[in-house]
Amino acid sequence: MMSPSLLIRVPSDDSNAVFGLLFDYDLQYKLLTEVFHCLDTAVAMMYNRAERATFSKAQQAVQEMLRRRFDEKQLGQIRWLLPDAFSFRQELLPAVRGSGGPSRSYQLTLEPKLLSEDGEDSRPHLSPKRLIERRRALHSHLLSITKGHHKTFLTSLTPPMEEPPGLSRWHPRFQLDSLPDIPAADLPSAPNIHRPTSAREALALARGTFPPKQALLTVAEQQSDKADENGRTATAVPGHQTKPLVTPSALRGVSEDLLARIRAREARRIELEMTRGPVDTARQAMLARLPEMARILRTIFVAEHRPVLPFSVACKRLTESYGFGLEQDDLDRHVRLLAEVQPTWLTVLPLRSELYLRLDRAADLSAVTLALQERLRREQQVK
């Protein structure tokens, strides 16, 4: 079982850095984050007004906020992730009026664990600031667990990969939506209350009291056979085993040395992709648009029959012709980048108080396009 120890490289004192823009985790982990946020909010409201927070009250509040089912399994998962977030107890409390049950019954209660701060009374207040800190702590644990699974996945590759420093993305083949469930910690159970959870257990309790029905015997036998079959399967397959590498039929006959070099080159490419920052990603996205923009820009200059155009006029014409839905400021940056990477073909000329663009209409557009594509390819290969 994986421990929720912190593995993330984000400094723990920088709470804003925990919410990274490039990292993501499994959908069930996201849902658990929202469940904890709603649960913490509901418990905080009851705690701050000195009201006993029972699980039934919190369950109803969370389900109304999320429009989803909230059960004790998710509560146990939250306790496993943040054991110091709540204290759980079974307390003998008056039953809900009109429930038709006994007048008093044991109910599971929750109380947030808080430390008193300077200037605070003996009973600390669960403030919005503390709610945010607790939610960030859960997010940090879930992210660290996901990184642990990602690190295990990297070591299972052929050839194995080590987690590169400065990791900013998951491996493209990492199955983010197929991560194991978060374990559920045990919750306090009501004392002296034992309810059978299976037909076999109910049969054991009923034995000697009254003759069991044939249907109960049948279900107990089926559960026994299923348990034996699961035990044999667990013995045969003790854990997750990595499938052996199978060479596709199309690659049979190719030397192993060549395949190893190809796999190493592919691993290097993926490592570069995983460590690429948002600035590099944005620049490469701009470079990918430049060949099409260069073609449209040359058409504009040819249609105007002029080698020089005002910068604002050229960008306005480009806005009207380019079909990628970019804002004016974004197009301006693209044009300046185009002049930066192809200075002999396109030049930005500051004259007096206005900027102009000069374009070499006699240059071969296909050569310019190939040069732009080659520039993009080189930058994708450089970390």
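In this predicted model, the buried residues of helix 11 are covered by parts of the protein that include helix 8 (278-304) and helix 10 (328-341). Helix 11 itself runs over residues 365-381, and its 17 residues reach 25 Å from the first C-alpha to the last, which is close to the 24 Å expected at 1.5 Å a residue. The residues of helix 11 that are buried are Leu365, Val368, Thr369, Leu372, Leu376 and Glu379. These residues lie on the same side of helix 11, because they cover an arc of only 100° around its axis. A general property of the fold helps to read this pattern: an α-helix has 3.6 residues a turn, so residues three or four places apart point the same way. On the other side of helix 11, by contrast, Leu370 and Gln381 are exposed.

Considered as a whole, the protein contains 11 helices and 6 strands. It has 383 residues, of which 34% count as buried. Among the contacts with a separation of 6 or more, 66% are made by residues that stand 24 or more positions apart. The protein exposes about 24000 Å², and carbon and sulfur atoms supply 53% of this area.

The largest nonpolar core has 38 residues, and the members that touch the most other members are Leu39, Leu75, Leu81, Phe86, Leu110 and Ile182. At least two residues of this core are supplied by each of helix 1 (27-48), helix 2 (55-66), helix 3 (72-81), strand 2 (86-94), strand 3 (104-112) and helix 4. Helix 1 gives the most to this core, with 8 residues. A second, separate core is made up of 29 residues, including Leu287, Ile296, Leu359 and Leu365; Leu365 has already been described as one of the buried residues of helix 11. The surroundings of Ile182, in the largest core, can be given in detail: when its neighbours within four places in sequence are left aside, Ile182 is in contact with Gln28, Tyr29, Leu32, Gln77, Trp80, Leu81, Leu142 and Ile145.

Strands 2 and 3, both of which supply residues to the largest core, also take part in an open sheet of 3 strands, in which the order is 1-3-2 and the pairing is antiparallel. The edges of this sheet are formed by strand 1 (53-54) and strand 2, each of which pairs on one side only. Strand 1 is joined to strand 3 in the antiparallel sense over 2 bridges. Within this pairing, Thr54 has Thr109 of strand 3 as its bridge partner, while Ala53 stands opposite Leu110 in strand 3. Leu110 is also among the residues of the largest nonpolar core that touch the most other members. Strand 2 and strand 3 run antiparallel and are joined by 9 bridges, and Gln107 of strand 3 is the bridge partner of Glu91. In general, the side chains of a regular strand alternate between the two faces of the sheet.

Helix 4, a further contributor to the largest core, spans residues 128-155 and contains Arg130. Although arginine is not one of the residue types that enter into a nonpolar core, Arg130 counts as buried because its relative accessibility is 9%, and buried means under 20%. Along the chain, Arg130 and Leu114 are 16 residues apart, and their C-alpha atoms are separated by 9.0 Å.

Methods. Residues are numbered from 1 along each chain as its sequence is written. This is a predicted model: local features need pLDDT of at least 70, side-chain atom pairs count only at pLDDT 80 or more; totals for chains, interfaces and linings use all residues. Side-chain values use heavy atoms; hydrogens and water are left out. Helices (H or I, at least four residues) and strands (E, at least two) are DSSP runs, numbered from the N terminus. The expected span of a helix is 1.5 Å times one less than its number of residues. Buried means under 20% relative accessible area, exposed over 50%, partly exposed in between (1.4 Å probe, protein chains only). The arc is that of the directions from the helix axis to the C-beta atoms. Contact means heavy atoms within 4.5 Å. Accessible areas come from the Shrake-Rupley method with a 1.4 Å probe; for residues, only the protein chains shown count as cover. A nonpolar core is a set of buried Ala, Val, Leu, Ile, Met, Phe, Trp, Tyr and Cys residues joined through side-chain atoms within 4.5 Å. Two strands pair if DSSP finds at least two bridges between them.
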